[in-house]
Structure formats: structure tokens, C-alpha cells
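Let's take a walk through this structure together. Have the sequence and the 3D view handy.

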Amino acid sequence: MGSQDGLAHLASAIINPGDYVLVPDPGYPIYEASVNIAGGIIYPMPLLAENKFLPMLEKIPLDVLDKTKMMIISYPGNPVTALADQSFFDKVVTFAKQHNILVVHDFAYSELIFDGNRQLSFMSVPGAKEIGIEFNSLSKTFNMAGCRIGYVVGNEQAIDILASFKSHIDYGVFYPIQKAAVRALTSDFAFLKTQVNEYELRRNVLISGLEKSGWQVAKSPATMFVWASIPAGWKSREFAFELIDQAGVAVIPGDAFGKLGEGYVRIAMVQPPERLSQAAERIHEFLMEYSRKK
Ligand SMILES: Cc1ncc(COP(=O)(O)O)c(C=O)c1O
């Protein structure tokens, strides 16, 4: 169905109680939840700005790696929107082969990349198909969120296990949605450029609007999100709750995505540029009012 349930079911199909899974922190919540449901043990991989939001594989202790069955990565991801280069993916392949780990790459935002860049599919890296699988979704690229359809490609054995597990749970996707997905995947993708341009414009409008209030936020290289380091003196939850109460702007506190999300909020660019500009203005007023009160 969607990559959400694909990811959720994968852990239940593959992970036994006591198995370790390497999960990015911060990361999309189903990664952690799926391991908890399966009774596995989460080993968080910190994604830090100073390391370009890539995990430091060499820092994971060997006794953890001995018990690790799976690792999850996502470039560009949600909430961390960073891209990964081929040398990182090569490193992941070598690491996974060495420690006998299944790599799961969540590639939901494969077509939403800005500034003329591209992101390699993990599957395009030599050796990746031997040790990895990659999920993709029609929710983002084709605006089919809620229609629940995605796909997974890669290592045959892992996909067989997932397919067998899912055959007991999902009886297939509603036929009109399948037809729509076929139509989408066999289209000429011409609309994608317009879509990327629209999100890129939203990103630029939002970031420059926030800059005016003195809030410097890193430009997302991809996705429909901004992963924003919050102004000094705030905790993520307090900042998000005050923003919604005082300014009527909804953002997600970063710690909802893991411990290391503290100090960040995720802003979704799911409104037109004019509305995002209005949100930035309200945030500006909110921050001015706050500094006056201090
Ligand atoms: C990173 C990431 N992976 C997976 C999903 C789930 O996608 P789907 O709609 O295919 O279930 C989302 C949806 O927000 C996402 O952001």
C-alpha cells in the first residue's frame, strides 16, 4: 500500500525480539515505532548538522553491530532534508556487507530536489541490491497522499519476506488507485519541473521571510519541509506551542522526531507562497513581541 505500512510491516516481518536496528535520530517516526512494535532494540544514529546530517558509522560499537539486523536511512528525508553523495552510499554498502545488515533506504522525496540537484537512488550504487531495499511513494511525487500506494525494490529475499507478511494483512490496493498509479508512473513526468519550481519558490519565500525577523534558517536542499534550528533560549515544544497560540502558525517540535530534534522545529511548506509569507510575518511579530517582553 503506502510506504508507511511497508516500513511498519517490514520490521515485524524481519526483526525478532532482541535484534538491533540502527535508526536515524532525528528520523521519520515510523522507523522507531516499527521496531518497537516488532520488539526490536533501537540504536539511534545521530544526524548532526556538523556531519552534514550523515550518521557516523564508525562510531557504532562492535557489540551492537554483532546484534544488528537492519539499518534505516533516508536521503532526502523527513524531517532532515539533507542529500547524500555516492561516497556515503558506497560506505554504507561496505559497512552493511561487513556486518551483515539489511539497509532500508526510504526515498519518498526522490523527485522533490531543488537548485538543479539530483539525489542518487541507493539502488544505483554497486552492491546495494545485495544488501538493501528502497521504498518509494506516490504520495509526494504524484500528490497521491491518502491514496496509499507505494513500492519497494531491491534485495529479493527481503522483499519476499515482506510480501509474504503483507499477504496476510493487506488484500491489495483499491483498483482505481492502482490504475491511477500506472497512469502516473507511465506519464512523461513533465509536470515535475513545475512542481519542483513551486516548492522551491515556497522555500525561498519562507526562508527570506524568516530572515527578515532575524531568524536564520538553513535552506532545505529538498522535500516539502524546512528543518529549522530555533532561536536561542527556546525549547522546541515551548516554541511550537507558543507559535500556535500567539501567532496561529503550526510547526512540529523537533523532538517529536527523536531526542536530537530538540532545538529544531519542522515547518511544512504545504501552503502557497502568499500564505507562507503571511506565516513568516506573523512569526516576525511574535519574535519582536517576545524580545520586547524579555
Ligand atoms: C520520509 C517519509 N517516508 C514515508 C512516508 C509515508 O509515505 P506513504 O504515503 O507512501 O505511506 C512519508 C510521509 O509523510 C515520509 O515523509
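We'll visit the ligand first and then a pair of helices.

Keep in mind that this is a predicted model, where local features need pLDDT of at least 70, side-chain atom pairs count only at pLDDT 80 or more, and totals for chains, interfaces and linings use all residues. Residues are numbered from 1 along each chain as its sequence is written, and side-chain values use heavy atoms, with hydrogens and water left out.

Start at the ligand, which has 13 residues around it; a residue counts as near if one of its heavy atoms lies within 4 Å. Asp106, Ser137, Ser139, Lys140 and Arg148 come nearest. Sorted by class, this shell has 4 nonpolar, 6 polar and 3 charged residues (Ala, Val, Leu, Ile, Met, Phe, Trp, Tyr, Cys and Pro are nonpolar, Asp, Glu, Lys and Arg charged, the others, Gly among them, polar).

Now look at some atoms up close. A polar backbone atom of Ser3 sits 2.8 Å from a ligand oxygen atom, and a polar side-chain atom of Asn78 is 2.8 Å from an oxygen atom of the ligand. The protein buries 92% of the 400 Å² that the ligand exposes when taken alone (accessible areas by the Shrake-Rupley method with a 1.4 Å probe).

Next, find helix α10 (residues 236-247) and helix α11 (residues 273-293), whose axes come within 10 Å and cross at roughly 105°. Helices here are DSSP runs (H or I, at least four residues), numbered from the N terminus; axes are lines fitted to C-alpha atoms over the stretch in contact, with angles from 0 to 180 degrees between N-to-C directions. That crossing makes α10 roughly perpendicular to α11 (65 to 115 degrees).

Technical notes:
Helix = DSSP H or I, 4+ residues; strand = E, 2+ residues; numbered from the N terminus. Parallel < 35°, antiparallel > 145°, perpendicular 65-115°, else oblique. Polar contact = N/O pair within 3.5 Å; in protein donor to acceptor, adjacent residues only side chain to side chain.
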